[in-house]
Amino acid sequence: MPQHVFETLADTFAAEGVEACFALLGDANMAWAAALADRGVRMVYVRHEHCAVAAATAYARKSGRPGIATVTCGPGLTQVLTALPAAVRARIPLVIFAGEAPLGAAWYNQSIDQGPFVTATGARYRALHHVPRMAEAVRDAFVEAQEDRVPVVLGVPFDLQAQVPAKPLALPVPSSEILPHPSPMPPHPADLTAAAARIAKAQRIVVMAGLGAAASGAAEACRALAERRSALLATTLPARGLFHGDPFCLGIAGGFSSTLARACFAEADLVIAVGCRLAQHTLDKGKLFPRAEILQIDTQPRALSQGLIPAAHHLRGDARLTVEALCEALPGAEGWRSDRLAHAIAQAPSDTATFPPEPGLHDPRDVVTALDAALPEGWQMVNSSGHCSFYVAHMDRPFDRFLTIREFGAIGNGLSYAMGVATARPDDTVVLFDGDGSVLMHVQELETIRRHGLNILVCVLNDRAYGSEIHKLRDEGLSEAGAVFGDTDLAAIARGFGLDAERVSDLAALPAHIARFAASGGAMLLDFPVSDKVASPVIRRAHPSGHIGTEHPVDLEDLL
């Protein structure tokens with residue numbers, strides 16, 4: 001039978017191996033989406049367009065495949081303009097079928113020039129207006145998304161989608177068959193020798209790994225290099241947990257560093273940054289390593305990063321091969337590893353400040369400690385943005401069981417990211433940690449979670465406010481009224497959407513709630529009332545007058 005263009009385009013997506021698509025339907029995409037579903041692709045129908053793209057973003061990070069989403073033209077597309085830059089900043093490949101207004105209409109109320117909206121976010125826009133080349137253009141979008149690690153939005157007028165070409169459109173060779181698969185790049189011998197000589201002179205080394213190290217499988221090589229040089233380990237926030245269980249891993253390097261980690265970083269004389277972007281947050285705007293030179297190991301080392309000149313030295317090469325070569329080139333050495341320091345790392349809390357207790361409210365750090373103890377290690381954890389995300393980032397979880405995407409600093413993504421992870425890992429249990437302000441932005445997706453049977457536990461640290469903003473307003477001596485909400489009963493709202501839910505006033509009851517969720521499956525929301533007086537270290541450093549806590553800095557003299 002002759003095929004409509006939208007059917008051939010659905011065939012092209014299916015030929016790319018697409019397994020899941022996050023969708024909200026309208027005139028410009030519903031025929032294509034229905035055809036894609038007919039071809040066996042799992043469709044997750046969300047309640048807001050932003051959530052379709054955000055869920056696809058988390059799906060891509062967790063699955064290792066391009067994330068697929070679809071929204072309609074005009075207002076459907078404009079709704080995704082927060083989710084797109086989040087994916088751009090995180091360098092996540094997406095292909096988004098957005099449709100376009102009909103070309104043949106003299107006037108259409110949802111017609112806008114879509115390209116500038118998309119390109120303003122840093123994503124790519126491809127208008128597909130030539131029917132004979134449309135299938136090939138879709139394949140090319142998959143190539144572009146994967147080679148450049150960027151979202152690509154496809155605009156296809158829906159009157160062209162409805163056409164039945166006289167000559168059937170041939171499907172192109174899929175992207176998997178034409179994408180290059182280069183072998184890992186070893187370091188140049190002369191560069192390796194120079195880097196090894198520099199490392200040999202350093203006394204207090206930190207080996208810091210990012211997502212590039214994770215992607216190349218360099219974790220064990222980094223551990224071996226750190227052990228040989230008696231160095232300490234750390235990761236960027238997106239790669240947190242990569243050295244899970246290592247007694248000399250200080251955790252996250254950056255604005256989210258623990259009190260002890262910051263004290264150690266202040267004494268480092270060399271940082272070996274393996275597969276790291278060396279972003280502003282990773283280096284805490286250049287303040288994290290005040291005495292250290294930085295040696296960057298990357299396949300594409302760069303002089304500038306977000307306005308900083310972060311690294312004085314560079315070594316080009318695949319992360320794993322380069323670190324393995326350094327291990328072979330360097331002798332063993334004494335550094336700053338010791339049993340006392342290992343004990344301190346094991347025992348030190350992420351934040352040593354103290355705050356006056358508030359009756360009836362939890363310290364958010366106590367909530368996270370209780371959750372870390374009660375949640376099974378094999379479950380998938382998802383951390384959102386916002387004030388509470390600092391505390392959750394320090395949970396004791398391995399890299400492949402923890403997702404955080406916060407390069408754009410936008411709240412409101414948590415439920416979507418959890419849906420993306422649950423879709424990518426359908427056999428796993430997913431736990432989302434989020435704040436009440438973030439959850440309430442897209443609370444309607446609780447219905448999506450229930451309707452699709454996604455196995456997600458939503459844990460909300462509820463301070464009845466926009467957490468970061470209240471501390472900033474206090475620091476400035478301004479009214480908090482614009483950042484404080486009423487005491488919303490999130491558990492009641494969740495039950496209204498058909499979820500099991502509890503307000504957790506007693507942390508001793510938490511194991512029983514988690515056991516009930518584990519036994520029943522499905523979805524559940526736990527609402528933790530927390531104090532809005534406990535400010536994270538990130539906030540305290542930037543807004544020192546906006547809190548009432550007492551600082552307790554770490555003295556390294558006894559440890560080193």
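Is Asn383 buried or exposed, and what is its relative accessible area? I would like to start there, and I should say at once that what we are looking at is a predicted model. Asn383 is buried, with a relative accessible area of 1%, and its place in the fold is strand β13. If we set aside the neighbours within four places in sequence, the residues in contact with Asn383 are Ser389, Val392, Ala393, Phe402, Leu403, Thr404, Ile405 and Phe433. With one of these, Ser389, there is a polar pairing to point out, since its backbone oxygen lies 3.1 Å from a polar atom of the Asn383 side chain.

Let me move along the chain to His387, which sits in the loop between β13, residues 380–383, and α16, residues 389–392. His387 is buried as well, because its relative accessible area is 11%, which falls under the 20% cut-off. A polar atom of the His387 side chain is found 2.9 Å from the backbone nitrogen of Ser536, and, again leaving aside neighbours within four places in sequence, His387 is in contact with Gly467, Ser468, His471, Val534, Ala535, Ser536 and Ile539.

Helix α16 comes up again when we turn to helix α15, residues 364–374, in which Pro364, Arg365, Val367, Val368, Ala370 and Leu371 are buried. What do these buried residues pack against? Their partners are α16, the strands β15 (430–435), β16 (456–462) and β18 (523–529), and the helix α22 (510–520).

Now to two pairs of helices, beginning with α3, residues 49–63, and α17, residues 414–424, whose axes come within 7 Å and cross at roughly 45 degrees. The two are therefore oblique to each other, and their crossing is right-handed. On the α3 side the contact is made by Cys51, Ala54, Ala55, Thr57, Ala58, Tyr59, Lys62 and Ser63, and on the α17 side by Ser416, Tyr417, Met419, Gly420, Val421, Thr423 and Ala424. Sorted by class, the residues of this contact are 9 nonpolar, 5 polar and 1 charged.

The second pair is α11, residues 219–228, with α13, residues 319–329, packed at an angle of about 25 degrees with their axes 9 Å apart. That angle makes α11 roughly parallel to α13, and here the crossing is left-handed. The residues that meet are Ala221, Cys222, Ala224, Leu225 and Arg228 from α11, and Arg320, Val323, Glu324, Leu326, Cys327 and Glu328 from α13. In this contact there are 7 nonpolar residues, no polar ones and 4 charged ones.

I will finish with two further residues. Glu447 lies in helix α19, residues 445–451, and is buried, with a relative accessible area of 12%. Beyond its neighbours within four places in sequence, Glu447 is in contact with Arg47 and Phe497, while its C-alpha atom is separated by 9.9 Å from that of Ala523, a residue 76 places away along the chain.

Gln300, by contrast, is exposed, with a relative accessible area of 59%, and is located in the loop between β11 (293–298) and β12 (313–316). How far is the C-alpha atom of Gln300 from that of Asp366? The two residues are 66 apart along the chain, and their C-alpha atoms are separated by 42 Å.

Conventions
Residues are numbered from 1 along each chain as its sequence is written. This is a predicted model: local features need pLDDT of at least 70, side-chain atom pairs count only at pLDDT 80 or more; totals for chains, interfaces and linings use all residues. Side-chain values use heavy atoms; hydrogens and water are left out. Axes are lines fitted to C-alpha atoms, for helices over the stretch in contact, and angles run from 0 to 180 degrees between N-to-C directions. Helices (H or I, at least four residues) and strands (E, at least two) are DSSP runs, numbered from the N terminus. Angles under 35 degrees count as roughly parallel, over 145 as roughly antiparallel, 65 to 115 as roughly perpendicular and the rest as oblique. A crossing is left-handed if the near helix is turned anticlockwise from the far one by less than a right angle, and right-handed if clockwise. Contact means heavy atoms within 4.5 Å. Ala, Val, Leu, Ile, Met, Phe, Trp, Tyr, Cys and Pro count as nonpolar, Asp, Glu, Lys and Arg as charged, and the others, Gly among them, as polar. Buried means under 20% relative accessible area, exposed over 50%, partly exposed in between (1.4 Å probe, protein chains only). A polar contact is a pair of N or O atoms within 3.5 Å; within protein, one must be able to donate a hydrogen and the other to accept it, and residues adjacent in sequence count only if both atoms are side-chain atoms.
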